[in-house]
Amino acid sequence: MLGRTQRVKVGGQLSDEVSVTSGVPQESILGPLLFLAYINDIWRNIESTIRLFADDCIIYKKIINNENIENLQKDLNRLGEWVAENAMKINPSKCKAVRYMRAQVKDPLNYTLRDQLIPEASSCKYLGIILCSHLSWTDHVNGMVKKAWKALHFLMCILKKGNSSTKSLAYMTLVHPILEYGAACWDPYREGQIHALDRLQKKVAKFAFCMNESDWETLSQCRKISRICAVFKAYSEEWA
């Protein structure tokens, strides 16, 4: 963008204006659009499955034999070549290599990116969902419940004298979305996880409405609706 300048204010004094010769304003619509155009060809020549969302990139492949391992490493090498050609910086230490399977395997993962070893991890967070190598949602549910309790305690402190409608609005705006995000994917079936979620709603019901939680739509019902909606969308897109 042309014609933009910037200056710094320190101790009430403004510096001279300096021309901005690169970049776009923060939170602009043009910035994400240009970034997506910049990385639009990152998938070329990569045989493994690659998923892009904003600045997140994930590459995965079903591993059955050593040939699959070699092919995945070749794709990582191609990704490193693309990074070098397009002058983009990637920190391999911030990347994670995760193996998803039920069996216990002791052999370490030795994938590299730009000649640097990618750290192996037992889980990773992708689009806000924690995916564990042992295919369990325990870590995600526990982390989500902890985050929701933290937000609820904050609301209980600042809205202690508020009316029911204000408390309800605050809960539905700041806490409930935490408990519903991606629910169609991680909806728990274990009693301990379900109890942990229900215990939070019981606290909310008493805090916001001063009534029994049975008079309010349960979190299980909300998750059931989310699953039905997800199935309906998938079915509708398939036959569209």
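The following exercises, each with a worked solution, examine a predicted model of a protein chain.

**Exercise 1. Confidence and overall dimensions**

Determine what the mean pLDDT of the protein chain is, and which helices have the lowest and the highest confidence.

Solution. Begin with the chain as a whole: the average pLDDT is 85, and 95% of the residues score at least 70. Next, turn to the helices. Confidence is lowest in helix 7, with a mean of 82, and highest in helix 2, at 92.

Then establish how many helices and strands the protein chain contains, and what its radius of gyration is.

Solution. The protein chain holds eight helices and ten strands. Its radius of gyration is 24 Å, whereas a compact globule of 240 residues would have a value near 18 Å. The C-alpha trace spans about 65 × 60 × 40 Å along the principal axes. As for burial, 29% of the 240 residues are buried. Finally, consider contacts between residues at least 6 apart in sequence: 50% of them join residues at least 24 apart.

**Exercise 2. The aromatic pair**

Identify the aromatic pair in the structure and classify its geometry.

Solution. A search of the whole structure yields one aromatic pair. The ring centres of Tyr38 and Trp82 are 6.4 Å apart, and the ring planes stand at 70 degrees. Planes over 60 degrees apart count as edge-to-face, so the pair of Tyr38 and Trp82 is edge-to-face. The next step is to place the two residues. Tyr38 belongs to helix 1 (residues 30–38) and Trp82 to helix 2 (residues 66–85), so the pair ties together parts 44 residues apart in sequence. The last step concerns accessibility: Tyr38 is partly exposed, at a relative accessible area of 36%, whereas Trp82 is buried, at 7%.

**Exercise 3. The two sides of helix 4**

Determine which residues of helix 4 are buried and how they are arranged around the axis.

Solution. Helix 4 comprises residues 164–174, and its buried residues are Lys167, Ser168, Ala170 and Tyr171. These residues cover an arc of only 165 degrees around the axis, which means that they lie on the same side of helix 4. On the other side, Ser165 and Leu169 are exposed.

Leu174 also lies in helix 4. With a relative accessibility of 46%, Leu174 counts as partly exposed. Leaving out residues up to four places away in sequence, Leu174 touches Ala151 and Leu155. Leu174 is 111 residues from Ile63 in sequence, and their C-alpha atoms are 41 Å apart in space.

**Exercise 4. The nonpolar cores**

Describe the largest nonpolar core and state which helix supplies its largest share.

Solution. The largest nonpolar core has 24 residues. Those with the most contacts inside it are Met144, Leu152, Val175, Leu179, Trp186, Leu197 and Leu200. At least two residues of this core come from each of helix 3 (138–158), helix 4, helix 5 (176–180), helix 6 (183–186) and helix 7 (191–209). Helix 3 provides the largest share, nine residues. Apart from this core lies another, of 16 residues, including Ile42, Ile46, Ile59 and Leu72.

To examine one core residue more closely, take Trp186. With neighbours within four places in sequence set aside, Trp186 is in contact with Ile129, Trp137, His140, Val141, Met144, Leu179, Tyr181, Leu197 and Arg223.

**Exercise 5. Positive phi angles in loops**

Locate Arg114 and Leu127, and give the phi angle and accessibility of each residue.

Solution. Consider Arg114 to begin with. Arg114 is found in the loop between strand 7 (112–113) and strand 8 (116–117). Its phi is positive, about 55 degrees, although Arg114 is not a glycine. With a relative accessible area of 45%, Arg114 is partly exposed.

Leu127 occupies the loop between strand 9 (123–126) and strand 10 (129–132). The phi of Leu127 is near 55 degrees, again a positive value in a residue other than glycine. At 31% relative accessibility, Leu127 counts as partly exposed.

**Exercise 6. A residue of helix 8**

Is Ile228 buried or exposed, and how far is it from Ala184?

Solution. Ile228 is situated in helix 8 (residues 219–238). Its relative accessibility is 53%. The threshold for an exposed residue is over 50%, so Ile228 counts as exposed. Ile228 and Ala184 are 44 residues apart in sequence, and the distance between their C-alpha atoms is 8.2 Å.

Notes: Residues are numbered from 1 along each chain as its sequence is written. This is a predicted model: local features need pLDDT of at least 70, side-chain atom pairs count only at pLDDT 80 or more; totals for chains, interfaces and linings use all residues. Side-chain values use heavy atoms; hydrogens and water are left out. Rings of Phe, Tyr and Trp (its six-membered ring) pair if their centres lie within 6.5 Å; planes under 30 degrees apart count as stacked, over 60 as edge-to-face and the rest as tilted. Helices (H or I, at least four residues) and strands (E, at least two) are DSSP runs, numbered from the N terminus. Buried means under 20% relative accessible area, exposed over 50%, partly exposed in between (1.4 Å probe, protein chains only). The arc is that of the directions from the helix axis to the C-beta atoms. A nonpolar core is a set of buried Ala, Val, Leu, Ile, Met, Phe, Trp, Tyr and Cys residues joined through side-chain atoms within 4.5 Å. Contact means heavy atoms within 4.5 Å. pLDDT is the predictor's confidence in each residue, from 0 to 100. The radius of gyration is taken over C-alpha atoms; the globule rule is 2.2 Å times the number of residues to the power 0.38.
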